[in-house]
Amino acid sequence: MTSPLSPYDAVLLLSFGGPEQPDDVVPFLRNVTRGRGIPDERLREVGEHYYGFGGKSPINDQNRALLAALEAEFESRGIQTRLAWGNRNWDPYLIDALRDLHEAGARRVLTLATSAFGSYSGCRQYRENIAAAQQELAAEGRTIEVDKIRPFFNAPGYAQANTDAVVAAYEQLGSIPAPENPLVFVTHSIPTTMEVASGMRTAASYSAQHLDLAAFVAAGVAERLGAPVPWELAYCSRSGTAFTPWTEPDVNRVLASLHADGAAGVVLAPIGFISDHMEVIYDLDTEAKATAEELGLGFARAATAGTHPEFVTGLVDLMLERAATERGQAPERHAVGALGPWRDGCAPGCCFLRAGVDSGVPAACEASVPA
Ligand SMILES: CC1=C(CCC(=O)O)c2cc3nc(cc4[nH]c(cc5[nH]c(cc1n2)c(C)c5CCC(=O)O)c(CCC(=O)O)c4C)C(CCC(=O)O)=C3C
Ligand SMILES: [Fe+2]
């Protein structure tokens, strides 16, 4: 019997990577900021969030948990495949994961990146990393084909996980949604140039993707709790200089203005993050929580999708959908919200760092399937 994942002979979890111990922090940040000539002194400052948590990012253990959950899901469906893990910025590195897969006989790999949304940082940059690794491996005489599942922000399982989490957070807050108890969705801020570029040759920009998911989740929460849900989208984790515009408003400013408008408590839902990354445990659970406390605002942070059962089964569904498409079948392509399922192969030139400016860096996974 052919595998339901055929033509793929392996699945790769592709992530950002993070330090495991204090000595890893500066070398990790050197990898993240490679080519920008940032002095180690400055990197140690940037690393403060990591040092504050013992020099260890939560992201690697979260990826190990996701791998275990995916493996269990494959097993329960009787799907046999190789499952590997590789990162952009830290061990285990993408190139080593691909080399090991090739060594084990894999020739066509389906990738799941740990970012649900399309943008340069969440999609194209990973595709550039894949192309670079493929090129390096080709120089070793190894040819390996790599595809990437479509951005899954509007996959039903991701929406379900986030809806469940918001409902649970309102229970924790001890209130139902109301103008005094609004819902604040949060995601990673990006430079506005990247935001504009993310909407070129795609159905919607990074922010518009979030708004679409947020509207769907808020409607689901309203139905479950029997009350309309006032909500907005805020951003966290801005970096760069004050002269470079990034998407706004910042979550701390949103908390202050909600308080000024008479809010008593808020639920923060970090829909932009699939697990409790450093941005979540520092920028939200530490900083934003302190802001809320200073304001005297009730505060509950909704869980991230993590290994929520519907999220994990939904990811496997997406893999099977893509495999079927590559076999020439026409599987159902599930998506919630108004935007519809994202295309499989990214349009050439989508999600540049800046709209219309081709950096000339090759990117993989483009238009392998027509729009
Ligand atoms: C949209 C987006 C996601 C996708 C959402 C997601 O996948 O969650 C994401 C993921 C992540 N970003 C992460 C960490 C960092 N991001 C940085 C820098 C930046 N991110 C940006 C955007 C994003 N980033 C941008 C426009 C920059 C500045 C330019 C640059 O440098 O490219 C820097 C450098 C220092 C700084 O500028 O602050 C670090 C250390 C980690 C690991 C966290 C952990 O350890 O748990 C993860 C998963
Ligand atoms: Fe980042």
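Which residue in strand 2 is the bridge partner of valine 11? In the predicted model described here, that partner is leucine 83, and the pair belongs to a set of 6 bridges through which strand 1 (residues 10-15) is joined to strand 2, the two running parallel.

Strands 1 and 2 are part of an open sheet of 4 strands, arranged in the order 2-1-3-4 with parallel pairing. Its edges are formed by strand 2 (82-87) and strand 4 (145-148), each of which pairs on one side only, and neighbouring strands are turned against each other by 30 degrees on average when direction is ignored. Helix 6 (residues 120-139) packs on this sheet, where it touches strand 1, strand 3 (108-113) and strand 4, and its direction makes about 175 degrees with that of strand 4. Helix 12 (residues 309-326) likewise lies across strand 1, strand 3 and strand 4, but its angle is given relative to strand 3, to which it runs at about 145 degrees.

The chain as a whole contains 12 helices and 8 strands. Its radius of gyration is 20 Å, close to the 21 Å that the globule rule gives for 371 residues, so the chain is as compact as a globular protein of that length. The C-alpha trace spans about 65 × 50 × 40 Å along its principal axes, and 45% of the 371 residues count as buried. Among contacts between residues at least 6 apart in sequence, 78% join residues at least 24 apart.

As to confidence, the chain averages a pLDDT of 96, with 99% of the residues scoring at least 70, while the model scores ipTM 0.93 and pTM 0.96.

Note on methods: Residues numbered from 1 in each chain as written. Chains lettered and ligands numbered in written order. Predicted model: local features only at pLDDT ≥ 70, side-chain atom pairs only at ≥ 80, totals over all residues. pLDDT = per-residue confidence, 0-100. Rg over C-alpha atoms; globule rule 2.2 N^0.38 Å. Buried ≥ 20, exposed ≤ 12 C-beta atoms within 10 Å, placed from the backbone. Contact = placed C-beta atoms within 7 Å. Pairing = 2+ DSSP bridges. Axes fitted to C-alpha atoms, helices over the stretch in contact; angles between N-to-C directions.
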